[in-house]
Amino acid sequence: MSYLIAEVIVDVSTYHVDRPFDYKVPVEWSNVIEMGCRVKVPFGPRNVLGFVVGLKNETEVPQNKIKAITQILDIEPVLTEEMLLMAKWLKNETICYEIDALQVMLPSALRAKYEKIITLQEENDALPDEAKAIFGKRQQANFKEFERAELLPLLKQLITNKIVKIENVVKQQGNVKEIRMVKISHNQQDIDRAMEGAARAAKQRQLIEWMGRHLGEVLLPQIIYAETGVSSAVLQSVIEKGAAHFIQEEVYRDPFTKEVSRTQSLQLTDEQQIALEAITTSMEEQTAKTFLLHGITGSGKTEVYLQAIQKVLDDGKEAIMLVPEISLTPQMTERFRSRFGELVAVMHSGLSVGEKYDEWRKIQQGKVSVVVGARSAIFAPFTNIGLIILDEEHESTYKQEDSPRYHARDVAIWRSEFHKCPVILGSATPALESFARAKKGVYNLLTLKQRALHQALPTVFIADMREELQKGNRSMFSEQLVEAMRIRLEKQEQMVLFLNRRGYSSFVLCRDCGTVVQCPNCDISLTYHRTTEKLKCHYCGYEERVPQICPQCQSEHIRYFGTGTQKVEEEIYKLFPEARVLRMDVDTTKQKGAHEQILQAFGKEQADILLGTQMIAKGLDFPNITLVGVLSADTSLHLPDYRAAERTFQLLTQVSGRAGRHNKHGEVIIQTYTPEHYAIELAKIQDYEPFYEREMFLRRRSSYPPYFFVALVQISHEDVMMAAEYAGRAADWLRGNLSNQVAIIGPTAASISRLQNRYRYQCLIKYKIEPNLIAVLQRLLAMYRAEWIKQGILMTVDLDPSTI
Ligand code: ADP
Ligand code: ZN
Ligand code: ZN
């Protein structure tokens with residue numbers, strides 16, 4: 001008797017054989033099972049999760065050896081045919097396990113515990129007897145009750161005939177999330193009593209008095225701190241005295257917390273019109289063109305996206321709109337919701353597991369046609385895509401750092417070819433790779449040179465912090481910035497202070513001459529290693545002791561760089577005790593909704609200063625912001641990464657773009673110890689192309705992308721000798737198997753040389769054309785999987801590392 005055979009990719013991560021295994025499909029299930037369904041199968045001594053990636057009638061596995069599928073987890077496939085193809089492509093493109101590629105396309109809820117509920121759509125009478133017996137008088141049953149072999153085909157039939165509906169319900173997270181709010185008492189007597197209790201505590205009295213003017217209100221603690229300037233300790237004491245109490249506010253599983261009003265399409269400027277027409281023409285032609293929309297900040301790129309998406313919806317198709325996680329501000333999602341209403345799903349890391357699943361389901365069931373989301377939304381299970389957009393396409397968050405190490409831009413282009421639809425890559429400061437491709441004609445370049453409301457770009461000033469030091473000013477604010485802040489406070493205009501915190505405390509800088517200690521062999525600053533008290537270059541392995549005096553000017557004013565937002569906040573209050581500051585960083589935005597509340601408060605002008613990290617660099621569009629201060633441009637400039645200058649230029653341009661977006665003119669003050677650096681000089685004139693030319697010249701000179709490709713092999717072990725030993729073996733092996741056109745640098749210690757108690761080494765591969773590369777790396781991985789892994793080695797390969 002012949003069986004249907006399923007090819008299954010199994011979820012086994014310990015010792016991996018990355019190919020599908022054949023399993024027998026029990027006869028009753030041959031009409032139930034489909035490609036893209038999840039199953040349980042026996043693998044060794046265990047029962048493991050697997051994905052059906054193929055169905056066939058024959059197998060080479062002998063009859064007496066082949067095992068059978070034990071459980072079917074999905075009646076409707078969770079993966080489309082496109083996704084199964086995409087997984088195969090991802091596996092090759094990023095050298096990952098196929099199972100990782102399959103898993104990354106699904107919301108985590110489908111990996112966690114959930115319950116499947118079957119709901120009756122018709123009268124009970126329509127049911128065959130076996131099903132009637134299960135439902136009894138109920139409208140709902142649990143999938144488990146149908147899980148017996150002979151009942152699954154029946155269930156499948158009922159679903160196909162729409163007599164019942166199947167829904168997955170994520171139980172584990174609950175449908176309600178809670179956040180902590182402060183509820184001020186309704187009762188004046190409580191306030192008076194607290195006031196008596198706080199007789200001698202001036203700050204507490206100040207807060208209680210303020211609460212007396214806000215009886216009965218419910219507020220986020222953050223907002224109270226900003227409004228009154230008190231600390232959390234003061235609030236805590238006042239709460240103990242009974243003037244207010246903490247409550248848990250429930251937030252339901254609708255990621256949209258409030259209603260938005262509808263907006264209409266704007267009348268486009270000529271530049272916008274030209275860009276839109278190019279895009280819509282290619283939609284009509286059904287070609288997979290990639291457009292690079294290069295438009296300065298405030299030039300109206302988003303309006304172009306919105307109108308292009310409108311056209312997609314008019315054609316009855318679907319659109320994916322990707323934004324970097326950090327710019328997924330409520331403002332951004334609101335702009336989409338106000339144009340397309342209920343047709344929009346939103347996906348980002350701020351949603352609970354359950355919410356993410358709900359949004360995914362809406363997409364899968366065709367209840368929405370637009371998804372606005374961060375990186376993983378590129379896998380949205382749409383089946384008729386008409387347009388894919390990556391806003392701020394240069395952002396490094398589009399690259400995933402775990403397996404599968406994919407770049408959303410590459411996935412977007414792959415899907416656009418599958419669906420024969422255009423891709424828009426939008427940015428004021430495109431990645432060098434993208435602009436180079438546009439110049440070559442691989443991408444189609446569209447340019448917006450004017451701001452949409454015809455405002456001038458803000459005026460940018462550079463504050464030389466070395467001069468400040470000579471004047472005796474050792475604070476983190478230049479005189480110029482303090483003066484500009486004072487003026488804004490007087491005029492009641494708002495400002496944004498940006499603290500660039502990447503690379504916290506990791507490089508050494510002389511405060512007198514601005515020298516950053518560099519590697520003698522590379523154009524890269526040395527990284528300070530706390531454990532060994534040494535400075536290291538992790539490109540070439542060079543190292544030296546931390547200097548006590550500056551090698552350039554012999555000054556003793558040497559320090560490790562880095563300042564926290566909290567410290568800055570304290571300093572602001574010292575300078576301007578009356579200023580109202582909202583701080584936005586990882587600490588103040590942990591709670592769900594906090595991000596949104598802070599921005600709303602700032603939008604309502606309940607604060608003068610928004611102080612924050614990367615999070616505030618993008619997406620903000622508030623009319624009253626007339627000053628942007630960058631506290632230290634240097635922090636990202638001296639990261640030991642060949643993209644450091646590019647990242648700094650991009651960041652400075654982005655933050656500058658927050659100022660003067662409407663009718664008031666904006667000013668930007670960039671503080672730096674290295675005003676002569678080209679990334680800073682060119683950020684001052686806010687002109688992308690001169691920067692591009694300059695940076696491309698340097699990249700060519702030092703053989704970096706986009707002229708060369710780089711790949712990174714990382715090896716780690718708990719024992720430092722083992723890690724070094726095997727990294728050496730990997731390097732030798734690569735040298736022996738790759739052509740002599742390829743440069744292999746290393747092994748060198750990784751910039752974080754020990755992570756989670758594992759020592760890390762790396763080899764950098766630089767190449768121009770090396771057709772064998774993937775095959776060679778795959779053989780290296782096979783060797784690792786077969787032998788090295790048993791020695792406790794972990795190895796990863798990244799073909800497009802976003803940081804090195
Ligand atoms: P970008 O995404 O390029 O930074 P935005 O799309 O945010 O620019 O546009 C900046 C501002 O200009 C927004 O307030 C937007 O509403 C407005 N705007 C954009 N296009 C137009 C237009 N054609 N007419 C009027 N206002 C526009
Ligand atoms: Zn070096
Ligand atoms: Zn010096």
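**Figure 1. Helix α4 and the residue that follows it.** Just past the end of α4 in this predicted model, Lys162 adopts a positive phi of about 60°. For context, most residues other than glycine have a negative phi. The helix itself covers residues 152–160, and its buried residues are Leu152, Leu155, Lys156 and Leu158. Viewed down the axis of α4, these buried residues fit within an arc of 160°, so they line one face of the helix. If you are browsing the side chains, notice that a lysine, Lys156, is listed among the buried residues of α4 along with leucines.

**Figure 2. The whole chain, for orientation.** Before the next close-ups, here is the setting. The chain contains 24 helices and 33 strands. Its radius of gyration is 29 Å, close to the 28 Å that the globule rule gives for 804 residues, so the chain is as compact as a globular protein of that length. Along the principal axes, the C-alpha atoms occupy a box of roughly 90 × 80 × 55 Å. Of the 804 residues, 43% are buried. Among contacts with a separation of 6 or more, 74% join residues 24 or more positions apart.

**Figure 3. The surroundings of ligand 1.** Which residues come nearest to the ligand? Of the 16 residues around ligand 1, they are Gly300, Lys301, Thr302, Glu303 and Ala452. Helix α10, residues 301–314, gives the most to this shell, with three residues. By character, the shell around ligand 1 divides into four nonpolar, nine polar and three charged residues.

**Figure 4. Leu425 in strand β17.** Leu425 belongs to β17, which runs over residues 423–427. Is Leu425 buried or exposed? With 28 other C-beta atoms within 10 Å, Leu425 is buried, because the cut-off for a buried residue is 20 or more. Setting aside residues up to four places away in sequence, Leu425 touches a run of Thr290, Phe291, Leu292 and Leu293, along with Leu390, Glu393, Arg409, Ser434 and Tyr443. Take Leu292 as an example: it is 133 residues from Leu425 in sequence, yet their C-alpha atoms are 4.8 Å apart in space.

**Figure 5. Glu479 in helix α16.** Glu479 lies in α16, which spans residues 479–491. This glutamate is partly exposed, with 13 other C-beta atoms within 10 Å. Leaving out neighbours within four places in sequence, Glu479 is in contact with Glu468 and Asn473. You can also pick out Met465, which is 14 residues from Glu479 in sequence and 9.7 Å from it in space, C-alpha to C-alpha.

**Figure 6. Helix α24, with its buried and exposed sides.** Helix α24 has 14 residues, 773–786, and reaches 20 Å from its first C-alpha to its last, close to the 20 Å expected at 1.5 Å a residue. Its buried residues are Leu773, Leu780, Leu781 and Tyr784. Seen down the helix axis, the buried residues of α24 fall within an arc of 100°, so they line one face. What covers them? The cover over the buried residues of α24 includes α23 (720–737), β32 (758–767) and β33 (794–798). On the face turned away from the buried side sit the exposed residues Ala775, Ala782 and Ala786.

**Figure 7. Two cis peptide bonds.** Most peptide bonds are trans, and here are two exceptions to look up. From Ser403 to Pro404 the bond is cis, with omega near -5°. Pro404 sits in the loop between β16 (385–391) and α13 (408–419). The bond from Pro705 to Pro706 is also cis, with omega near 5°. Pro706 is found in the loop between α22 (688–701) and β30 (709–717).

**Figure 8. Two loop residues with positive phi.** Ile95 is not a glycine, but has a positive phi of about 50°. Look for it in the loop between α1 (81–94) and α2 (98–104). Ile95 counts as buried because 21 C-beta neighbours lie inside 10 Å. Gln686, likewise not a glycine, has a positive phi of about 50°. The place to find Gln686 is the loop between α21 (678–685) and α22. Gln686 counts as buried too, with 21 C-beta neighbours inside 10 Å.

Notes. Residues numbered from 1 in each chain as written. Chains lettered and ligands numbered in written order. Predicted model: local features only at pLDDT ≥ 70, side-chain atom pairs only at ≥ 80, totals over all residues. Helix = DSSP H or I, 4+ residues; strand = E, 2+ residues; numbered from the N terminus. Buried ≥ 20, exposed ≤ 12 C-beta atoms within 10 Å, placed from the backbone. Contact = placed C-beta atoms within 7 Å. Expected span 1.5 Å × (residues − 1). Arc of directions from axis to C-beta. Near = placed C-beta within 6 Å. Nonpolar A, V, L, I, M, F, W, Y, C, P; charged D, E, K, R; others polar. Rg over C-alpha atoms; globule rule 2.2 N^0.38 Å.
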